[in-house]
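Open the model in your viewer with selection by residue number ready. The stops below go one at a time, each with something to select and a note on what is there.

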Amino acid sequence: DNVSLHIDNYNNYLINKIYDLKNKLFRISKGKKQVFASNIDIVFVVSSMNNEFNIGKLERFMIIGDIPNAKRVIILTKKDLCDSPSLFIEVVKTRFPNTDVITTNAIDNDSIDQIKEVWNSGESAIFIGSSGVGKSTLVNALSDKSVMKTGTVREKDDKGRHTTTTRNLFILPDGRIVIDTP
C-alpha cells in the first residue's frame, strides 16, 4: 500500500493516510483471488530466449499482467546465449504487436539501460515470468549489487530451479521500485 507517514522525534512512524489502490495483481489459488502486488506502474513479463521459451506460457503471463493503469513490457532474456534473438522477437511481436519488447543480457549495461528507458524514477514495477528466466538476475543488475540469490537452470531443458521463493520489494538507488516474484 502507498501511505503517508509522520516520523516523530523518537523515530516512531505514524501512518497519516492510506491511499486508494491504483490496481492489484492477483492469482487464483484454491479457487480464491490471492493479491500478490498492488499499485504497479509497469508489469515486466519476462521470458528467456532458450529451450524454455513457450509463447503460450508467455501469453498466460501477459493475461495475469493485464491490470488497470499499468503498462506491460515484455523482456526477453539471455540474449548473450541465443544464436538468433530476431526469431524470438518475431514470434513475440507477431503475437503481441502493440507491446514493447526488450532483449537483454543482464551483464550488459546497454540492455539494462533499455529497461530504464521505459521505467521512470518513482514508478513501481514487477517482474513476472517462469522460474529460471532471469528475473532476479535483472533485479541484481538494476540494483548494482547482489540483492537476490540466483541459480543456474537445468542443463537438459533450461528450466529454472525455483531459487526465488518469496516476493521481494526493493527501492533501487535511482528511486525506481521493483518487486521480484518467484
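Select F26 and display what surrounds it. Leaving out residues up to four places away in sequence, F26 touches K33, Q34, V35, F36 and I64. The residue belongs to strand β3, which covers residues 24-29. Is F26 buried, partly exposed or exposed? F26 is partly exposed because its relative accessibility is 31%, which falls between the 20% limit for buried and the 50% limit for exposed. Now add I67 and draw a distance between the C-alpha atoms: F26 and I67 are 41 residues apart along the chain, and the separation is 9.4 Å. This is a predicted model, and the distances on this tour are computed from it.

Zoom out to the whole chain. Coloured by secondary structure, the chain shows 4 helices and 10 strands. Read from the N terminus, the order of elements is β-β-β-β-β-α-β-α-β-α-β-α-β-β. Colour next by burial: of the 182 residues, 40% are buried. The accessible surface comes to about 10,700 Å², and carbon and sulfur atoms hold 47% of that area. For contacts with a separation of 6 or more, 61% are between residues 24 or more positions apart.

Go to D100, in strand β7 (residues 100-103). Show the side chains of D100 and K71: a polar contact of 3.0 Å links them. Beyond its neighbours within four places in sequence, D100 is in contact with K71, V73, I74 and V118. A C-alpha distance to add here is the one to R72, which is 28 residues away along the chain and 7.7 Å away in space. D100 is classed as partly exposed because its relative accessible area is 34%.

Next, select S47 and S48 together. S47 lies in strand β5, and S48 is also placed in β5. S47 counts as buried because its relative accessibility is 5%, and S48 is buried with a relative accessible area of 1%. Which residues surround S47, apart from its neighbours within four places in sequence? The contacts are E52, F53, L58, I75, L76, T77 and V133. With the same exclusion, S48 is in contact with F53, T77, K78 and V133. Before leaving, show the side chain of N50, which makes a polar contact of 2.8 Å with the side chain of S48.

Stay with S47 and switch on cavity display. How many cavities of 30 Å³ or more does a search of the whole structure find? The search finds 1. The volume of the largest cavity is about 60 Å³. To show its lining, select V46, S47, E52, N54, K57, L58, F61, G129, S130 and V133. Two elements, β5 (42-48) and α1 (55-64), give two or more residues each to this lining. Helix α1 gives the most, with 3 residues. By type, the lining has 4 nonpolar, 4 polar and 2 charged residues.

Move on to an open site, the second largest pocket, with a volume of about 180 Å³. Select D1, N2, K22, S38, N39, D41, G122, S124, L169, I177 and I179 to see the residues that line this pocket. Coloured by type, the lining divides into 3 nonpolar, 5 polar and 3 charged residues.

For the last stop, select helix α4, residues 135-143. How many of its 9 residues are buried? The helix is mostly covered, with 7 of the 9 buried. Highlight K135, S136, L138, V139, N140, L142 and S143 to see the buried ones. Then show what covers them: the elements include β5, β6 (71-77), α3 (109-117), β8 (124-129), β9 (168-171) and β10 (177-180). Strand β5 appears here again, having already come up as the place of S48 and as one of the elements lining the largest cavity.

Terms used. Residues are numbered from 1 along each chain as its sequence is written. This is a predicted model: local features need pLDDT of at least 70, side-chain atom pairs count only at pLDDT 80 or more; totals for chains, interfaces and linings use all residues. Side-chain values use heavy atoms; hydrogens and water are left out. On a 1 Å grid over the protein atoms alone, a cavity is a set of points where a 1.4 Å probe fits but cannot get out, and a pocket is an open set with protein on both sides within 12 Å along at least five of seven lines; lining residues have an atom within 4 Å of a point. Grid points are joined across faces, edges and corners, and a volume is the space filled by probe spheres set on the points. Ala, Val, Leu, Ile, Met, Phe, Trp, Tyr, Cys and Pro count as nonpolar, Asp, Glu, Lys and Arg as charged, and the others, Gly among them, as polar. Buried means under 20% relative accessible area, exposed over 50%, partly exposed in between (1.4 Å probe, protein chains only). Contact means heavy atoms within 4.5 Å. Accessible areas come from the Shrake-Rupley method with a 1.4 Å probe; for residues, only the protein chains shown count as cover. A polar contact is a pair of N or O atoms within 3.5 Å; within protein, one must be able to donate a hydrogen and the other to accept it, and residues adjacent in sequence count only if both atoms are side-chain atoms.
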